[in-house]
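Here is a short report on one protein model. Look at the structure first, then read on.

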Amino acid sequence: MISRRDLLASGAALAVMPLMGSAVAQGPSLVRKAIPSSGEMIPVIGLGTARRYEDVKGEAEMPPLRETLKAFKASGLTVIDSSPTYGTAEAVVGQILEEQKSRQGLFLATKVSIMGREAGINQIEQSFKKLRTDKIDLLAVHNLRDLDVHLKTLRDLKQQGRIRYIGVTTSFDNQYADFEAMMRREQLDFIQIDYALDNRNADERILPLARERGMAVMVNLPFGRGRLFSAVQGKPMPDWAAEFDCKSWAQFFLKYIVSHPSVTCTMPGMARPDYVMDNAGAAQGRMPDAALRKKMEQFIDGL
Ligand SMILES: NC(=O)c1ccc[n+]([C@@H]2O[C@H](COP(=O)([O-])OP(=O)(O)OC[C@H]3O[C@@H](n4cnc5c(N)ncnc54)[C@H](OP(=O)(O)O)[C@@H]3O)[C@@H](O)[C@H]2O)c1
């Protein structure tokens, strides 16, 4: 007998989606949160393109990425995060979205990551070309790099209607003090920060500040790359995970993140359709409340 997992890993996954009822995240049932600066609602789970989309050498490596982005769109998820520093990622995403005619309705986020005004403008123009779009939903300054210079450029682009939202990212603890000072000083639509069940430093100051300042929060590195999966390898999920409709470790880790009141969405790196369907499940059903979130922290700290 063919298992659901095998089926999902094969190209047959999409064909059977309608038969799977609640196992599949359908658009309207997805949990969404509002971007504070506009009120626009976005699904709490997106897709990150670092690593698996970075070094695509040719056509032979494209089919699983095509299937992943097809499943992503079919699941009703919308937010895709990329960067010009992720090698082939922007170009691969742009090509596939054009082939699948699926740009409309998606929320494309990318970054500027270079020193200098002119170099930044050139890099952003390349992102428009590679992503094959005339509008980028979110453009963020990557890791505070040449922040003041690029924020001016981003504000001009927003004014011109070429980008919709402005943000700044980091994933380094040693940037948190500067990041916090920047958040107090600047008017931003989004911040992007690392936060995970076993990496909770952002919860001390950055996440409460984002709420206070009316900034949407995108969480990067939600699994700490593979770290969280390694921590629970071979361990059964606790029974109480059913209290928040959690069916896999991935959903356990993601629901912890997106149930934080300051967090708007997170974008796990995924390059397989079965990951999309699993992770989309974290945008469905009940979420852990404060007491359950505490229990999740104690669980992971106790391993
Ligand atoms: N400063 C910044 O701006 C910054 C920094 C870092 C990351 N980011 C963004 O954050 C995104 C996420 O970070 P990341 O991709 O490095 O790490 P991550 O999301 O923490 O982990 C990604 C890895 O988790 C595994 N995975 C995903 N879904 C799974 C599932 N359902 N079951 C089991 N394993 C699963 C995959 O491993 P395998 O592929 O190995 O199977 C995947 O490569 C990036 O793609 C990028 O967009 C931004």
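Where is the place of Ser113? Ser113 sits in the loop between β5 and α5 (117–131). Keep in mind that this is a predicted model.

**Two residues**

Is Ser113 buried or exposed? Its relative accessibility is 6%, so Ser113 counts as buried; the cut-off for buried is under 20%. Ser113 also has contacts beyond its neighbours within four places in sequence. These partners are Thr85, Gln123, His142 and Arg145.

Now turn to Pro64. This residue belongs to helix α3. Pro64 is partly exposed because its relative accessible area is 40%, and partly exposed covers values between 20% and 50%. Residues up to four places away in sequence set aside, Pro64 touches Ala271 and Pro273. Tyr256 lies 192 residues from Pro64 along the chain. The C-alpha atoms of Pro64 and Tyr256 are separated by 28 Å.

The table puts the two residues side by side.

| Residue | Place | Relative accessibility | Class |
|---|---|---|---|
| Ser113 | loop between β5 and α5 | 6% | buried |
| Pro64 | helix α3 | 40% | partly exposed |

**A helix pair**

Helix α3 spans residues 63–74, and helix α4 spans residues 89–99. How do their axes meet? They come within 10 Å and cross at roughly 65 degrees. The crossing of α3 and α4 is right-handed.

Which residues make the contact between α3 and α4? From α3 come Leu65, Arg66 and Leu69. From α4 come Val92, Val93, Gln95, Ile96 and Glu99. Sorted by class, this contact has 5 nonpolar, 1 polar and 2 charged residues.

**A cavity**

How many cavities of 30 Å³ or more does the structure hold? The structure holds 1. About 40 Å³ of space lies in the largest cavity.

Next comes the lining. Asp81, Ala109, Thr110, Leu138, Ala140 and Gly167 are among the residues that line the largest cavity. So are Val168, Thr169, Phe190, Ile191, Gln192 and Met218. Four elements, β5 (107–112), β6 (136–141), β7 (163–169) and β8 (190–194), give two or more residues to this lining. By class, the lining of the largest cavity has 7 nonpolar, 4 polar and 1 charged residues.

Strand β5 links two parts of this report. It gives residues to the cavity lining, and the loop that holds Ser113 runs between β5 and α5.

Note on methods. Residues numbered from 1 in each chain as written. Predicted model: local features only at pLDDT ≥ 70, side-chain atom pairs only at ≥ 80, totals over all residues. Heavy atoms only, no water. Axes fitted to C-alpha atoms, helices over the stretch in contact; angles between N-to-C directions. Left-handed = near helix turned anticlockwise from the far one by under 90°. Contact = heavy atoms within 4.5 Å. Nonpolar A, V, L, I, M, F, W, Y, C, P; charged D, E, K, R; others polar. 1 Å grid on protein atoms, 1.4 Å probe; cavity = no way out; pocket = protein on both sides within 12 Å on 5 of 7 lines; lining within 4 Å. Points joined across faces, edges and corners; volume = space filled by probe spheres on them. Buried < 20%, exposed > 50% of the residue type's maximum accessible area, 1.4 Å probe, protein only.
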